[in-house]
Amino acid sequence: MSLGLAIDDAPAVTPVEGAAAGRPAATGRSWFRSTGYVLLGIGILLALWWVGGWVVASNPSTANFADFAPVPTFERLWRMAISGEAVRMALPSLGRIGGGLAWAIALGVPFGILVGRFKAVREASSVPFQFLRMISPLAWMPIAVMAFATWNAAIVFLIGVAAVWPVLFSTAHGYRRIDPAWFKVARNLGARPWHMLFTIVLPAIAQDSLAGIRLAVGVAWIVLVPAEFLGVTSGLGYAINDARDTLEYDRLAATVVVIGMIGFTLDFMCEWAVRRVSWAREE
Amino acid sequence: MPATRPKKRRPGAHIAVAGVNHHYRRSGSDVLSDVNFEVQPCEAVALVGRSGCGKSTLLHIISGLTLPSAGEVRIDGALVTGPSPQWIVMFQQPHLYPWMTVEQNVGLGLKFAGRPRAEISERVRELLHLVELDGYSRRNVQELSGGQQQRIALARSLAVYPEVLLLDEPFSALDGVTRRALQRDVRRIAVDMGITLVIVTHDIPEAVAMADRALIMTSDPGRIADIVPIEGDRTDREKRGAFAQASQKALQTAFERATGRTADGPLAQTSSGNLKVIAAGHR
């Protein structure tokens, strides 16, 4: 069981290819073509959704669920966007994600550095960490509910428990890739311990830690919705449950779209951040 | 007063290595035994020996990056107890920091010393001029050739106003033309700036081109077997003229007398065709 396990399915860290060298951007034609494929993919997804909606609507036994189709969904989404309802339900969720991720980073990065730095820590922590990592965060739900005074804190805890592992393992992996001579050179040039941390270690591991954070955001976003089925009365998970209870299937589907769009945006931002701090070149 | 511009031209530092013994704790093997020598201010000394004779370990001990099991190193009378920007090691690989620009790499030691930004960028410009890489300050270090990277490493070492430069086979990974140019430049800069040089090499032409004296080391355990002055005008030696060949031959003979074997293996691999003939003639 290697500590690099979590990395294997990590999104490929895209290095800044020739960014500094000012390599010319992709030519107009290839940009046109790749945009075309992206639009085609979206089009196929919408078409499948539309066909599904049509099948549901045309069958008398499922016709009650016809509002799941794209047209009612997007009409509802538009109204939710204009009324501010979409933002109102997303903000508490984003707050909880932010809280959970903040904990995951605050614990995962320092522990990852320790695991990467000290062989003893690595060996001692390997089995416990891999064991804890394999427990579904939702399995902690009853314990979280008992342990925390508020529902909100319990949800933040669940997100943190889900998100901490990719951050920790990626950071440890990044630390182990550091060239030991970088420390020697820095010591020789007069680096103090804080220089070593902020000028050498953190920039050296940033791309790996951020790749871990990107994975963590993905996991956290997935855990968020079921976690918000817990007692809270705000957030996207609550909105889904509420829409189901009130039989507003267009609202339910619109919420699903909102969840997807925010998740996509978060991942895109992480990918951008990873690209920004990447220094490794493809061999 | 580290990393500040000296008020006037210095004479270079004096190095005294006294009774240095070193053994590896893990394997228990002796690497160095009773090593004693002095280097005069502004002198250039080559440590010549076969691979594994402990010459790199000795260089690390002089730099303070490794502490000897017994004995001491004094630089200008002060006991060396750790690394310092006043005595800088240059390694076989440049070990530049890939997330930093050329300018940030070169100015790193001054940044550690807390010098103001304007002073650092002025000093970096000065050094890039010295190593003939003007206009490279914004470049990504990974885009540079091996020789250019080693020049940047040289600039980074010189930026902190060192009194001693310790070279651990820093040119051995470079092609012949680049290597010779760098040997010449380092020697010229050391003379101009008043820097004492210690060069670890297994390349006799390199020792002849750069050093005033060669310390021949034997292995198991490493000790200084002979100290050979390198005769002949240095400018001629740099150009590898007639005197240089005579000096090479003299050093070669001394080397073989001290080590009791011909300089085959690594010596012949990195030396000029001329030396191969000499070495072959002695077999």
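The expected span of a helix is 1.5 Å times one less than its number of residues. That rule is a handy way into this predicted model, beginning with a helix in chain A.

**A helix in the open**

Helix α2 of chain A covers residues 28-58. With 31 residues at 1.5 Å each, α2(A) should span 45 Å, and its end C-alpha atoms lie 44 Å apart, which agrees. How many of the 31 residues of α2(A) are buried? The number is one, so the helix lies largely in the open.

**Two domains in chain A**

The domain assignment splits chain A into domain 1, residues 14-66, and domain 2, residues 69-277. Taken over C-alpha atoms, the centres of these two domains are 26 Å apart. Where they touch, domain 1 of chain A contributes nine residues and domain 2 of chain A contributes four. On the domain 1 side of that contact you will find seven nonpolar and two polar residues, with no charged ones.

**A helix pair in chain A**

Now look at α9 (residues 193-227) and α11 (residues 249-277) of chain A, whose axes come within 8 Å and cross at roughly 170°. Angles over 145 degrees count as roughly antiparallel, and α9(A) and α11(A) are therefore roughly antiparallel to each other. From α9(A), the residues in the contact include A:L210, A:I213, A:R214, A:V217 and A:W221. Among their partners in α11(A) are A:I259, A:L266, A:D267, A:C270 and A:E271. The residues of this contact divide into 13 nonpolar, three polar and three charged.

**Chain B and its contact with chain A**

Chain B holds 11 helices and 10 strands. Of its 283 residues, 48% are buried. Among contacts in chain B with a separation of 6 or more, 71% join residues 24 or more positions apart.

Between the chains, 22 residues of chain B are in contact with 16 residues of chain A. Two elements of chain B give two or more residues to its side of this contact: β6 (87-90) and α3 (108-112). Which of the elements supplies the largest share? That is α3(B), with three residues.

The table sets out the residue classes for the three contacts.

| Contact | Nonpolar | Polar | Charged |
|---|---|---|---|
| α9(A) with α11(A) | 13 residues | three residues | three residues |
| Domain 1 of chain A, side touching domain 2 of chain A | seven residues | two residues | no residues |
| Chain B, side touching chain A | 15 residues | six residues | one residue |

Notes: Residues are numbered from 1 along each chain as its sequence is written. Chains are lettered from A and ligands numbered from 1 in the order in which they are written. This is a predicted model: local features need pLDDT of at least 70, side-chain atom pairs count only at pLDDT 80 or more; totals for chains, interfaces and linings use all residues. Axes are lines fitted to C-alpha atoms, for helices over the stretch in contact, and angles run from 0 to 180 degrees between N-to-C directions. Helices (H or I, at least four residues) and strands (E, at least two) are DSSP runs, numbered from the N terminus. Angles under 35 degrees count as roughly parallel, over 145 as roughly antiparallel, 65 to 115 as roughly perpendicular and the rest as oblique. Two residues are in contact if their C-beta atoms, placed from the backbone, lie within 7 Å. Ala, Val, Leu, Ile, Met, Phe, Trp, Tyr, Cys and Pro count as nonpolar, Asp, Glu, Lys and Arg as charged, and the others, Gly among them, as polar. Domain bounds come from an automatic or database domain assignment. A residue is buried if 20 or more other C-beta atoms lie within 10 Å of its own, exposed if 12 or fewer, and partly exposed in between; C-beta atoms are placed from the backbone.
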